[in-house]
Amino acid sequence: MATPTQLAVAELLRAVTGEDAGWLAGVGPATRLDGDLFVDSLELAALGERLTAVYGTGVRLTEYVAGLDLDALLSLSVADVASYVDSTSGTR
């Protein structure tokens with residue numbers, strides 16, 4: 001079962017990638033942004049902007065991602081992004 005933040009991240013991903021609502025059925029907490037969704041750097045930046053707009057200026061996804069090593073970046077999942085948002089925005 002996905003958390004509210006995981007659902008919100010998935011919806012924001014849908015919006016920045018331009019996918020239709022049916023696309024969300026294939027996105028879950030373990031879905032990887034790079035390996036499964038092929039999110040590119042521009043889409044990742046757009047996701048970061050939307051997360052900041054929704055959750056506040058403490059959420060800086062691009063800075064968070066810049067600090068990841070290659071393995072962590074390649075395995076970054078919807079759940080990982082949601083956990084980062086929860087830890088930086090106080091939504092937990």
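**Salt bridges, helix α1 and the setting of leucine 61**

Two salt bridges are present in the structure, which is a predicted model. One of them joins the side chains of arginine 14 and glutamate 11, with an N to O distance of 2.8 Å. Both residues belong to helix α1, where three residues, about one turn of the helix, separate them. In an α-helix there are 3.6 residues a turn, so residues three or four places apart point the same way. Glutamate 11 has a relative accessibility of 32% and therefore counts as partly exposed, the limits of that class being 20% and 50%.

The other pairing is between aspartate 36 and arginine 32, whose closest N and O atoms are 3.0 Å apart. Aspartate 36 is partly exposed, at 38% relative accessibility, and arginine 32 is likewise partly exposed, with a relative accessible area of 34%. Side chains of opposite charge can pair when their charged atoms come close.

Helix α1 comprises the 14 residues from 4 to 17; at 1.5 Å a residue a span of 20 Å is expected, and the end C-alpha atoms are indeed 20 Å apart. The buried residues of this helix are Thr5, Gln6, Val9, Ala10, Leu12, Leu13, Val16 and Thr17. Because these residues cover an arc of only 165° around the axis, they are placed on the same side of α1. Pro4 and Leu7, by contrast, are exposed on the other side of the helix. The cover over the buried residues of α1 includes α2 (41-55) and α5 (78-89). Glycine 18 follows α1 and has a positive phi, near 80°.

Leucine 61 is located in helix α3, which runs over residues 61-66. Its relative accessibility is 1%, so leucine 61 counts as buried, the cut-off for that class being under 20%. Leaving aside residues up to four places away in sequence, leucine 61 is in contact with Leu44, Leu47, Gly48, Leu51, Val81 and Tyr84. Between leucine 61 and threonine 88 the C-alpha to C-alpha distance is 10 Å, although 27 residues separate them in sequence.

On the surface, Leu70, Leu73 and Leu74 make up a nonpolar patch of about 250 Å². Leucine 74 lies in helix α4, comprising residues 70-74. With a relative accessible area of 38%, leucine 74 is partly exposed, whereas leucine 61 in α3 is buried.

Technical notes
Residues numbered from 1 in each chain as written. Predicted model: local features only at pLDDT ≥ 70, side-chain atom pairs only at ≥ 80, totals over all residues. Heavy atoms only, no water. Helix = DSSP H or I, 4+ residues; strand = E, 2+ residues; numbered from the N terminus. Buried < 20%, exposed > 50% of the residue type's maximum accessible area, 1.4 Å probe, protein only. Contact = heavy atoms within 4.5 Å. Expected span 1.5 Å × (residues − 1). Arc of directions from axis to C-beta. Patch = residues over 30% accessible without salt bridge, like charges linked within 9 Å, V, L, I, M, F, W, Y side chains within 5 Å. Areas by Shrake-Rupley, 256 points an atom, 1.4 Å probe, with all protein chains shown as cover. Salt bridge = Lys/Arg side-chain N within 4 Å of Asp/Glu carboxyl O.
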